[in-house]
Amino acid sequence: MRPALAAGIAALALAAAGCGGSGSLKSGSSGSAQKGGTITVLSAGDVDQIDPGQMYYSFSYEIGYATQRPLFAYKPDSVDTVPDLAVAKPVVSKDGKTFTVKLRRGVRFSPPVNRPVTSADVKYAIERGFASSVANGYVTTYFDDLVGAPKQATSGVPGIPGIQTPDKHTIVFKLKRPSGVFQGALGMLITAPVPPEYARQFDSKTTSDYGTHQVATGPYMIQNSSAGKLTGYQPGRRILLVRNPNWNPSTSWRPAFADQIVFREGFQDPTVLTRVILNGDADANGDTTPPPAELRSITGKPSEKDQLTFTLEGGARYISLNTAKPPFDNKFVRMAVAYALDRNALRLTRGGPIDGRIATHFIDPSFSDKGFVQAGGSGFDPFATPDHSGDLRKAREMLQKAGFANGKYSGPGLTQVADNTPPGSDTARVVASNLARIGMRVRTISVTHATMFTRFCNVPKQEPNICPNVGWIADFHEPQALLDATFNGKNIVPVNNSNWPQLNDPRINALMARAETIVDPQQRFAAWARIDQLVTKTAVAIPWLWETFPTLFSSNVTKVPELWNLGAPDVTFMEATG
Amino acid sequence: MTAYVVRRVLWGVALLLIVSFLTFAIFYLFPSADPTALRAGRSATPQLIAQIRHQLGLDKPFYDQYWIYVKGIVLHFDLGFSYQNDEAVRTQILSRLPATISLAAGAFAVWIAVGIPTGVISAIRPRTPLDRLSMGGALVAISAPVYWLGLVALFLFAKGTGKLQWFGGAGSYVPLTDDPGQWLSSLVLPWFVLAAAFAAFYARMTRANMIETMSEDYIRTARAKGLPERRVILRHALRGALTPILTIAGLDIGLLLGGAVLTETVFNIPGVGRFAYDSIINSDLPSIQGTVLFGAFFIILANLVVDVLYAVLDPRIRY
């Protein structure tokens, strides 16, 4: 999920372990299910947003999925969505432009709203995402194909003709063109119902504060007052989930074992966080994972190693080269960089093999037969070097082709903007020293992670030659969600740009435009796999890590091997045993 | 005296204005994260960015933004609105103040209780093994970074992480009114960690001042009058030596009330310091400004109180 893999996340290679570890995953029907108790999750920071219509990053989804019911959701052991508020998968018309979804009956809002959920609530939830007071960050990416969807944020909540509610339990989405990703997007929290008669008073403000007055439909709700004001949310300190008295277990596949879930925030030191969990004083990590040294220690101890689970290798970290200005507007200079980089050294900056396999293209192994295999799997590596450690001879050949007669770069100095803290700063150092070997003098500007993105790498006008600390994880398992925002020329925007290399190749753009509308999954995956190969060959970005994410559980709870959402554990499946 | 206090208060207000202007200018002129981009989310259209910038008032010129900010503070004590937490900055700071006061007051008591007696003993027994041990220890305590010392304390003595699980660990803080026992347990380690460097510094300063004071004529006179040595040291020498220490103490306590960033972060104490840290991490400009201004306010206030107390403690000082 999400742009810009968070700094400091470490992970463990999964290949040998078998995807996801070996934890038990109990369903609501499990005979040994043990209800009650409190689950405590530790995190370093707070949610990115508390409003489900704005939530985006993995830690927020951990809370959003426990308290809200989008149309579709993920079970922990799968990377594919299953119906949640929906009864079944959407019925898609032959032309791929109409999606019909039936809603479950018997789902009710938590207090103070208390009434049953209807399709109008889902319609309103999506529509409010377009309002400037809510300003959801992804509706314009995944829902702009809806007939009548606004092209820009509106001053109030707009009515969208492409969302129709023929009855209280049916919602119909009409699209302007077929869409391969629309079904995946229905698993995002923007589709969780919001009661309009209650939320309008908050959404009508300049900045909506529905988030701090939200109502729930999931098994849990953030503790609130009788008027609906959240009392269980103390930003940066604690989020307290209690049972939603209106949740009907017969409508849900979530077991919801625990009586309450406490998210304790502010654990900035990952080693302390790890020790507290191992000691049993908390039950799992939230937005921060154990550091590599701790991971190595835990995996070396038979008594502790079973407390870890891992995600599939998902997303790629890469070095982005700015093609909008010299020298990286020259393909051969970029290719020289691809050959010069020591990807082993880069991986060591984040922990080494324990962190995942070296990436050779962008569709990652977690996509399996949804594009990874079709793109050549691990075997596709257009810039292969011995042991991934770089090949200076080939790099110099490329520089000669670029016009540097002696195979050494002799142009103006280059600039990169990087994190000012490890591991991002270490990665930048490796890039600078690797490129010095082919004559490139790289000046590093070190800033905070947020500044790096919002002032430099995400702003084309301010973008340096190199952004060494970027990466992307798909919002859901459709290759388009991985490649479109990052390499499609049409997505280059002046602010919050995610196409960091500013790749605007007409041929690739055209292939993407076509692939976006392919309804048949196999054809679609093959089309995107071809695009993945083409993008990789342009060397506009050099992938170097397919990363896995570990989750550490205490011995007081059942493990829930979470395969998606960066491993943030699904608290509705965790059972207190201690 | 009244005229002096009024003059100092006016200067204090002017200083706060200067601090607020500098903080505002630093974030406006130097590279820091763009709050609009953070709020707008991924793939936001330029129109959405412009709209949010307008909503947050960030499309106005620098001086307009600053004027609105200052007006809010002066007229309504409004420190702005946190983009990150969707909550007023003032509310957040005030809700975190009890934790910061608990930490600062306890640490202050520890460093005074340890630092001053250590300095006095070293001063009256100069160049003895006890003196060398005390001053050597002080050097170590001054040199040890709070962050490192905090982690060592956690891994040695804290529940959840320590070899000896004696005291509350990271994130164990609860308000005094909720559970006094837990409150005390959670603060013992932070108090000592925060107080360590201060106690060492105060011990060295007390020692130096005491040695100087002990050679003054009035000490010789006191001894000549036949006063017991204990009385000479405590009533005459120490009182004279404490005046400069009081100045520093006032500043230090003011500084800590603005938030002990490192200690609060290591021990996960939800005080103003950790709020400042979180705000920096999240590039939450109004919150950063609020915490800086708040810290400045306490330092200025402490300075004023100390200067007034000077006159009370030292009869030679008149304003």
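Helices, of at least four residues, and strands, of at least two, are taken here as DSSP runs numbered from the N terminus. The model treated in these exercises is predicted.

**Exercise 1. Describe the overall make-up of chain B.**

Step 1. Begin with secondary structure: chain B holds 13 helices and 2 strands.

Step 2. Turn to its extent. Along the principal axes, the C-alpha atoms of chain B occupy a box of roughly 85 × 55 × 35 Å.

Step 3. Consider burial and contacts. Chain B has 319 residues, of which 50% count as buried. Of the contacts in chain B that join residues at least 6 apart in sequence, 67% are between residues at least 24 apart.

Step 4. Examine the surface and charge. Chain B exposes an accessible surface of about 15500 Å², and carbon and sulfur atoms account for 70% of that area. Its side chains include 26 positive and 19 negative ones, with the centres of the two sets 10 Å apart.

**Exercise 2. Determine which residues have the most contacts inside the largest nonpolar core.**

Step 1. The largest nonpolar core comprises 114 residues. Those with the most contacts inside this core are Leu71(A), Phe143(A), Leu146(A), Phe173(A) and Phe487(A).

Step 2. Take Phe143(A) as a case. Leaving aside residues up to four places away in sequence, Phe143(A) touches several aromatic side chains, among them Phe130(A), Tyr138(A) and Phe182(A). Its other partners include Ile126(A), Ala149(A), Ala185(A), Leu186(A), Ile190(A) and Thr191(A).

Step 3. A second, separate core has 60 residues. Its members include Val272(A), Ala282(A) and Ile298(A) as well as Leu194(B), from chain B.

**Exercise 3. Locate the disulfide formed by Cys457(A) and Cys467(A), and establish its handedness and the burial of both residues.**

Step 1. A disulfide requires cysteine sulfur atoms within 2.5 Å. The sulfur atoms of Cys457(A) and Cys467(A) are 2.1 Å apart, and the two residues form a disulfide. Over all chains, the count is 1 disulfide.

Step 2. Place the two ends: Cys457(A) belongs to helix α13 (residues 449–457) of chain A, and Cys467(A) to strand β19 (residues 466–473) of chain A, 10 residues apart.

Step 3. The torsion about the S-S bond is about -105°, and the disulfide is therefore left-handed.

Step 4. Buried means under 20% relative accessible area. Cys457(A) has a value of 0% and is therefore buried; Cys467(A), also at 0%, is buried too.

**Exercise 4. State how many residues of helix α1 (residues 58–67) of chain A are buried.**

Step 1. In helix α1 of chain A, 10 of its 10 residues are buried.

Step 2. The buried residues of α1(A) include the aromatic Phe59(A), Tyr61(A) and Tyr65(A), together with Glu62(A).

Definitions and conventions
Residues are numbered from 1 along each chain as its sequence is written. Chains are lettered from A and ligands numbered from 1 in the order in which they are written. This is a predicted model: local features need pLDDT of at least 70, side-chain atom pairs count only at pLDDT 80 or more; totals for chains, interfaces and linings use all residues. Side-chain values use heavy atoms; hydrogens and water are left out. Buried means under 20% relative accessible area, exposed over 50%, partly exposed in between (1.4 Å probe, protein chains only). Contact means heavy atoms within 4.5 Å. Accessible areas come from the Shrake-Rupley method with a 1.4 Å probe; for residues, only the protein chains shown count as cover. Lys and Arg count as positive and Asp and Glu as negative; His and the chain ends are not counted. The place of a charge is taken as NZ of Lys, CZ of Arg, CG of Asp or CD of Glu. A nonpolar core is a set of buried Ala, Val, Leu, Ile, Met, Phe, Trp, Tyr and Cys residues joined through side-chain atoms within 4.5 Å.
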